[in-house]
Each structure stands twice: as C-alpha cells, then as structure tokens.
Amino acid sequence: MRNVIAPAVSRSSCRGWALACLGAAVSLPPLAFAVVTTAAVLGPGAPASGVAGLLPLGFMVAIALMALPRWVRRGSVALARALLDARLPVPADRPRTPWGDRLRTAAWLLAHTLIGGALMCATGFGLFAAFVFPGLWLSEGGEIALGWFTAAAPHGWRGAWTPVLSVGCLLAVGYVTAGATFVLRRLAASLLDHSPAERLAAAEERTRRLEHRNRLAQDLHDSIGHTLTASTIQAAAGLELVDRDPEAAKRALSSIEVLSRSAMDDLDHVVGALRDERPPTRPQPTLAALDTLTAQAERGGAHLTTQVEGDLTRLPATTSREAYRILQEALTNALRHGGSSAVRLNVTASAGRLRLKVTNSLPGQATTAAARSGRERTGHGLTGIRERVELLGGELSAGPAPDGQWLLSVALPLPPAGSA
C-alpha cells in the first residue's frame, strides 16, 4: 500500500502541483484578454461557434505577447529548475532574444497554463468527491447530482462504498498531479533548454571566462613569482650583511616589506576577481610603468642597466600589457639565476616591431648566497613567456649569447603607424 501511495504524495509531485497552480494563475490575465477581445469583436448575441473560434485565438495571442520580454524566459527556467528539478541552463544573456526562443517560450507558457488549469479543475473535482460523498453518507444519506451524473449515498452499510471512493479520489488526484509533473518536466526540457544559438553563446561565454581565469592565474604567477624571487634574494643578502653591514641588512628587510605589500595587493585583487566572477577593474600595468618594474628589480638586488628607444606610451594596449608581463618574468628569471649580477634591459619600439632584450649571467656563474637561493627554485617562467609571445604572433629566442651571457630576446609585431 505504501508503494502505491508514495508516487502520489512525493515531494516532486507536490512541487509540480505548486508549479501548476502558478500556471493556472498565469492563465487568468490572458483569459480575461481573450474574453474582452472576443466580446469587443463579436458584440452581444454572438453565435457560440464564433465565440468558440475567437476565444482560443485571443488566448494564444495574449500568451504570445506575454512571452516577448526576456525576463519571462529566465523566470520560467528558474521556476522549472526550482519546482520540477529540471536540469536547465540559465538562458544566455544576449542583447536581443531570437524569435525562435520567444516562440518556444510562448509554447511553454501555453502548455503551462493549460496543464495548470486542467490540473486545478481535476484537483477541485477530486477533493469535492473525496469529502462530500463520505460526509453525506455519515450524516443522513442522500443523492448528489454532478451534471448528467447522479449518485446516491444512502446512510448505513449500503453507502459504505463512499470511503473507498474518497481514498480513490485522493489517489487519483495524486497520480494526475504526478503525471502532470512528468509532462511539464519533459516539456521544460524540450522548450526551455538552450537552443543551438544559446549553446554557442554559452560555449563562447565559458571560453571567455576560462581565458580570463587563465590570464589572471598567469599574471598572478608572474607578479608573485617576481616578488618571492626578489624577497628570497634580499633575505639571503641580508643574512650575509647582518653582522658586517647592519644598515645594508636593514635596507634589504625594508625592500622585502615593500615587495611583500605589493604582492599582497596583487593577490587580493586577483582572488577577488576570481571569487566574484567579474572582470578586473584595476588597471593592468603596461610598459608606461617600466620605471616601476625596474625599481622593483633593483630593490630585489639586480644591478640593472636600462635602455629605452621609442615612445612606449603609444603602443597598443594589449601588446604593452603583455610586454610588461614578459619583462617582469624575464627579470624574475634573471634575479633567480643571476642573483645580484649585472642585468641589461633593452626595449626598442620601432616601426612594426617591439623588441625586448634581457641579458644576465648564465645559471651557475653567480656564486653569491643570494644567487644560490634563487637557483634552488624552478618554475615555468619561460613557458609563460612563450605563451604570451605566441598569443601576439611574435618571436622568442632564449639561450647563451656569444659574450657568454644569457640572452632572452622577444620581437612583437606592431601595427603600422596611423592604422586603427
């Protein structure tokens, strides 16, 4: 008996019944519109055939008008997900909703209102029969006329069938509700799921979000890696100088503090952007801030010589941002493997090309404690640089130079002067 009753009173059926009630309520404004429109068009004393033909048409027109706003589809999807347990994706946020999606939304609203109205009628009739017949039998007995159907419920044992009818009516209402819930769930999956255009838009949005997260991760790697490398070298240098040159050791500790604060700012910014799924609002550094980058490298212990040719403020924004990150990672690698040795940085912006060159001691040549502590850590800096260069269609070379130094050279294409 429990297996028979369970489907009729399941939580899913109850939520489906609530959704059907909403559908019945939603049908009232279109029905009123259809009645008013029919009365206005046909006038008083219209034949029943004309009313029967125009009333459904007015109802469907009203439903179609209701489906036009974008929020109607979003609300329908939200209700189906909450009350039908339908696995439906959120509609893509597009500036213009295609007519195909609006027609599918209208079809869903029509089915929702019709099924909801039919279920409410069935529920009312079933509950009426379930309670009125036993009540009549328990009182003095009598007859009940339901349209063309008349049933007698005499008092005494001859009317003992009424409790059985009551239970049957309640079960029938439950199973009708379960059936309506099943039909609504199938219709929702068919009419409210993503259309091909929405699937394409959703895939593009996921790709954009993944690219954004990967870019933030790469930027965080570059920023934090640069700071940690510089801080490690400064800490090692401070340990060497703490006894013979306390003032230099203090300067090293002060540099670590400045670098760490900058790294915390970058970390808070990136984590906040990842958590909120929002694009970064903080301006990204470009080659216009090259002085800041070189100052950080010098605080990290590098003996840096910088040569700049060309106007770095007129570079394309994307190229300038990526070039900044490339130089940041290159200087980090120079500090990591060369320690406090000399580093030469050349930036040349000429017609059609942006050239970046970073020269430092080969790994293994530096023998200071700072350089040794830097070489103990390995990473994926060169891989990240190569990915950025390939993204911009540039060229990268990295390896020993003829003078015995390590040379990293990058050439990035620039648009011709005067082009958009």
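A residue counts as buried when its relative accessible area is under 20%. By that criterion, 39% of the 420 residues of this protein are buried. The model is a predicted one.

**The whole chain.** Begin with the entire protein displayed as a cartoon, in which 13 helices and 7 strands can be traced. Switching to a surface representation shows an accessible area of about 22800 Å², with 63% of it belonging to carbon and sulfur atoms. Among contacts between residues at least 6 apart in sequence, 72% join residues at least 24 apart.

**Helices H2 and H5.** Next, select residues 11–26, which form helix H2, together with residues 70–83, which form helix H5. Two packed helices are described by the angle between their axes and the distance between the axes. Here the angle is about 155° and the axes lie 9 Å apart. Angles over 145 degrees count as roughly antiparallel, and H2 and H5 are therefore roughly antiparallel to each other. Display side chains at the contact: Ser12, Arg15, Gly16, Leu19 and Leu22 from H2 meet Leu79, Ala82 and Leu83 from H5. By class, this contact comprises 5 nonpolar, 2 polar and 1 charged residues.

**Ile326.** Finally, move to helix H11, residues 317–338, and centre the view on Ile326. Ile326 counts as buried because its relative accessibility is 1%. With neighbours within four places in sequence set aside, Ile326 is in contact with Leu356, Ile385, Arg388, Val389, Val410 and Leu412. Add Gly384 to the selection: 58 residues separate Gly384 from Ile326 along the chain, while their C-alpha atoms are 8.2 Å apart.

Conventions
Residues are numbered from 1 along each chain as its sequence is written. This is a predicted model: local features need pLDDT of at least 70, side-chain atom pairs count only at pLDDT 80 or more; totals for chains, interfaces and linings use all residues. Side-chain values use heavy atoms; hydrogens and water are left out. Helices (H or I, at least four residues) and strands (E, at least two) are DSSP runs, numbered from the N terminus. Buried means under 20% relative accessible area, exposed over 50%, partly exposed in between (1.4 Å probe, protein chains only). Contact means heavy atoms within 4.5 Å. Axes are lines fitted to C-alpha atoms, for helices over the stretch in contact, and angles run from 0 to 180 degrees between N-to-C directions. Angles under 35 degrees count as roughly parallel, over 145 as roughly antiparallel, 65 to 115 as roughly perpendicular and the rest as oblique. Ala, Val, Leu, Ile, Met, Phe, Trp, Tyr, Cys and Pro count as nonpolar, Asp, Glu, Lys and Arg as charged, and the others, Gly among them, as polar. Accessible areas come from the Shrake-Rupley method with a 1.4 Å probe; for residues, only the protein chains shown count as cover.
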